[in-house]
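Let's take a friendly look at the enclosed spaces in this protein. Which residues line them, and which helices do those residues come from?

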Amino acid sequence: MGLEMLDAAGHALVLLLDPYRLMMLSCGVVMGLVLGILPGIGGLSGTALLLPFTFTMDPYTAFALLLGLASTTSTGDPIPAIMFGVPGGAGSAATVLDGLPMARRGEAGRALSAAYMSSMMGGVFGAFLMAVCLPILRPVMLYLGSPELLAFSALGISMVAVLSGNTPLRGLVAASLGILIAMIGTDPQTGTLRWTFDFLYLWDGVPLVPVVLGLFALPELCDLAVARSSIAADTKYNATSGMWQGAKDCFIHWWLVLRCSWIGSAFGAVPGIGGAVIDWLAYGHAVRTEKGAAQSFGKGDVRGVIAAESANNAREGGALVPTVAFGVPGSAGMAILLGAFLIHGLVPGPEMLSKHLDITYSMVWSIALANILGAGLCYLFSGQFARLATLRYTLILPCVLGIIYIGAFEGSRSWGDLFSLLFFGVLGWTMKQLRWPRPPLILGLVLGDTVERYLFISVERYGADWLTRPIVVGLLALAIYGLLRPLIQDIKAHGGVARLVTGFGRPHFRAKNLFHVFMIAVIGWMVFAALDWPTNAKIVPLIVGSLALAFAILGLANEMFRPPEAESTLADGTKAQISDTIHMDLESDTGHLSTGLILWRAAVFFGWLVGFMISMACIGLIPTVPIFVIGYMRLEAREPWKLVLPQAVGLTLFIYVVFDQLLNIPWPQTLLGMLVPALKTIVPSV
Amino acid sequence: MIRHWARSWVTARTWAFLFAVLAASVGGAQAQSYPTRPIHLIAPYAPGGIADIAARLVGQKLTEALGQQVVVENRPGANGFIGVTAVTRSAPDGHTLLIATTGDVTINPVLFKKVPYDVDADLVPITMLSDTPTVLATNGASPYKTVADVIKDAKAKPGEIPMASPGIGSINQLAFEWMGLGTGTKFLHVPYKGGAPASTSLAGGDVPLGVLAISSVNPFLQNGRIRVLAVTTAKRSSFNSEWPTLQESGVPDVDISNWTALMAPKGTPPEIVDRLQKEVVRILAMPDIKERFAAGGAVTVPTTAAELSARIKRETAAFKTIVEKANIHVD
C-alpha cells in the first residue's frame, strides 16, 4: 500500500507541475486572495463563478483552479482582520482578538507575517494529514454515526467555558442565545417554522456571514468612528523587521501550529462544523494550553493569531476528506466541488482511492501548493497593507463599510441580510461596550443547529443506547471536563459555592444592567412563543431557553445585589488571580470619552448605515456608493476633494466591475427601478 | 528550448482563458432583438445540486446559441420559495427564467398552507430538462433482500422501521409515504440535511432503509455498503436496468422522481417561449450534454410545453392525495 501510494502521489505532483495546470492554479490563488481580503466575500461565489470554465478542462486542471481559489481565501482573510478588526471571512474572527491589538501597537507587520506563515504551515500540514490518513479514513468515518457527530459538536460547544474568559455567566447566556438563534427557521423534524415572523428570509435560519460581520466588524468600525483616530497612532516601527519577527514566531511556536492544524483538519472533516467556529476552537485550545495565555491573549499575543490562522487553513484539507470519500461536502465550497466531480464523471468513494488515486493526490498537492503560493504573494504586498493602519478613519471607513454591505448581502442575497447586519452590529457593539464576550454566541449559533439535528437522529434511531458508544463516551467526557473545569476553578477562586450565594447586599440597579433585562426579555419571549409548537420542535429550544433564562437572571442578581466592595474581603492572591484572567474579547479604546459622547457618536455611525440602506432601497447600491463616500468624507471630516473624488470614483468602479460584472450579484429591487423601469438597463443595480 | 515552448503555450492558454472570462463577464452586444441583454437563469437551490448543474450545463450552451450571456443565479432558501418567487415577480420578457424542480411546482403547492406563488397563474412551462430517478435502498448488511421483505417487516412493526430521506417534504418522503399507502405500511421518518449525509448514514448502518437519489447512493454501491431494492419510477432506470421498479415489486401506483424543467414568468411572449423551447430541446439532444447529465445519474427529457404542463397537473393531483391520506404536516 505504501509504495503504491507514494507512486500515485509522485505521479500526481508531476501532472500538476505541468505549466498550464500551474498557471490555472495560480489564477485560482490570485482570485482566492482578492476575494479573501474583501470582508465577507468568501470563496463560495468565486468557486461558483469558475465552475463553468472547468467543464472543458481535464480533472487535474479543473481541481487545481477550484482548489487554488478555495484554499487561499482564508490566507487573505486575516489582512482586514488585523488591519481594521474586520474579519475577511467568517473563519478569521478569532484573528481579530490578538491581531488588532498588535496593529494598534504598531506591530501590524509582525501580525500579518505570523498570519501568512501559520496559514501556510497549517494549510500544508492539513493537506499532508489528509494524504497520509486517506486510506484509513473511509472505514473510520463510516463508523462515525450521528451519535459521534453529536459528541463532536458538544465538544465544540464546551469550548464556551474557555471563550467566556472571566465572565462565565455572561458567556453561557451568549452561547445559549446563539443556540436559540440557530434554531430560527424550519425545524428539521416537524417542519414547524420557528420564530420566522412570516418572513421567508428566516425560513432557513439567519445566514452566518451577516451575523459575523455584524458582531465583529461593525463594532470595531464604530469604535474607530467614535474615537476619531487611526488604528495605529504611532508609525515608528519598521515593517520589514516585523515581518521577520512574525515568521520567526511561527517557527518558535511550531508545536502550537501543529496542534491547531490538527484541530482544523479534524473538525474540518466533520460535516456541519464550518470554518466559523474552527478558529475559535483552536483559539480556545491555545488559551487553555499555552503558558501564560490566560493573561496575555486578547491583548496582542502573537500566539493568538498563529492559533486561529493555522487552524482555518488546515480546514480545507480536512473538508476534502468526506467530500472525496463519501460525497458529503465538508463545507459550502466543497459542495460546488462535488458539482465538478459529477461533471467530470467522477464518483466520490472507493474509486477515488483506487482507480482515481492520482486525481485525489493532485487535489492534495493543489491545496498544498496553493497555500505556499498564496502566502508568498501576501508577503510580496505586505509592506503596503501594513501602512493602511496608519490612515485616518474617514479614509478607511467608507470603503470598508461599502464592501461589508455587499459581503453581508452575499449571505443569501436578500434585504434580510442587511437588516441582520445592522441588528447584529448594534448587538455586537453593545456587548463589546458592556464587556459581554461575543465568541460564545458564534459558537452556539454554528453548533446549535448541528447538535439538535444529530440529537434527534441519535435518539430516534438508538433510544438511549447511543450514550454507551465508546467514542461518544470519550468525547462527551472531554466536553464535560472542558466545561466544568474552568467553572470549578472560578468558583474556587471566589472562595467556594458558599461565598457565591452569600454576601448579597442592597439592590442597586445601574444603566448597564438594562442589557441583562433586555436579554431576559428576548429569551423569555422566545421561550413563550415556543410553547405552542409540536413536542419535537420545541423540546430543545425550551431546554436551552430555560437554561439561558436561569443564567441571565442569576447574572443580573449577582450584579444587582452584590456590592462591589464584597470582593475586597477576598485574599489578595485570589483577587490578583481573578483580575488576571482575561476578558475574552477586545477592549474598547474609547474609555477617555464620556458615555454621552460615545453614545452620540455611535448613534451617528449607525445612522450612516441606516441612511445607506434607505438610499440603497431608493436608487440602488451602486449609485449609493459614491454618494455615501462623498457624504461621509465631507461631512465627517471635511476631507479635501482631491482625496474624496478619486476614492468615490475608484470604489464605485471597483464594485461595478467585480460585483456587478464579474460575480453577477443580483441586486435587490429599488424604488427608482420600479418607477422608471427604463433606468434599469442604463444604471447598474437600480 | 523547452522553456520557450512552455512559455508560448502558457501565454496562448492564458489569453484564451482571460478572453473567455472577459467574454463571459461583458457578454456579446451583437444581438438586436431577443435577447437584448444577459439572461438570468434562476436556480432556487444552492450550487452543486441537480438544479444548479442543469442550469449551468444548459446555460452554457444557451449562451452560444443565443449570442447573449446566460447567467446562473442561485437563489436558495425556504424550500425553493425564494427563487421561484423572484422569477414570478420579474418582467415577463424572457430575460429571467426558472429552473423548476418537482418539489417547487408539484409538492410545495399541496404541502404548504401558504404558498407565495400559483404555478398555474404565475408561470408558463417551456420544456422539461432532466429526470433523476430515486431508489429504495438498504444497508449492505441488512436482512432485506427484496421489497417484499421490507413490506413484511413493516407490517409486523408499523411505524418503527427508520427510513432516511434528505429532508422533510422531499419527493423522497412522498415516495415512501406513497409506498406505505399502497401496501398498508408506515415507516419512521428520519430526515437528514441533504442526500449525501443520509446516504452516508445508510452506508454506516445508522438507518436500515432510505429513499435516495442514485447519485447519492452511487459512492457506496460498488463495495456493497448499500444495496438498491427498487427504483421509484414506473420504468426501470437506464443507470442499471437490473433494478426492479416498485410497481413490479408489488407496490401499486408509485411513480415518482426528481425532475427539472425550464419555466418562465406568466406573460412571456409565446414566440420567445417557442424559441427557447426549440433551442433547449436541441441542446438536450447533444451527446456531450447527455453524457454530463448521465454522470449525475440523470437522463435528459426534452418535451413540449404542453407535455410539461400535463405532467405538472398529473403529479400535483397525485401528491395532493398522498399528502392528505398520509397526513403529512408541514406547518
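The second largest cavity is lined by A:Leu342 together with B:Ile50, B:Ile53, B:Arg292, B:Phe293 and B:Gly296. This is a predicted model, in which local features need pLDDT of at least 70, side-chain atom pairs count only at pLDDT 80 or more, and totals for chains, interfaces and linings use all residues. Residues are numbered from 1 along each chain as its sequence is written, chains are lettered from A and ligands numbered from 1 in the order in which they are written, and side-chain values use heavy atoms, with hydrogens and water left out.

**Second largest cavity**
- Two elements of chain B, α2 (50-66) and α11 (287-295), give two or more residues to this lining (helices are DSSP runs of H or I, at least four residues, numbered from the N terminus).
- Its space comes to about 30 Å³, taken as that filled by probe spheres set on grid points joined across faces, edges and corners.
- A cavity here is a set of points on a 1 Å grid over the protein atoms alone where a 1.4 Å probe fits but cannot get out, and lining residues have an atom within 4 Å of a point.
- Four lining residues are nonpolar (Ala, Val, Leu, Ile, Met, Phe, Trp, Tyr, Cys and Pro), one is charged (Asp, Glu, Lys and Arg) and one is polar (the others, Gly among them).

**Largest cavity**
- The structure holds two cavities of 30 Å³ or more, and the largest has a volume of about 50 Å³.
- Its lining includes A:Arg228, A:Trp608 and A:Glu636.
- In chain A, α27 (595-619) and α28 (621-637) each supply at least two lining residues, with the largest share, four residues, coming from α27(A).
- Five nonpolar, three charged and no polar residues make up this lining.

How values were computed. 1 Å grid on protein atoms, 1.4 Å probe; cavity = no way out; pocket = protein on both sides within 12 Å on 5 of 7 lines; lining within 4 Å.
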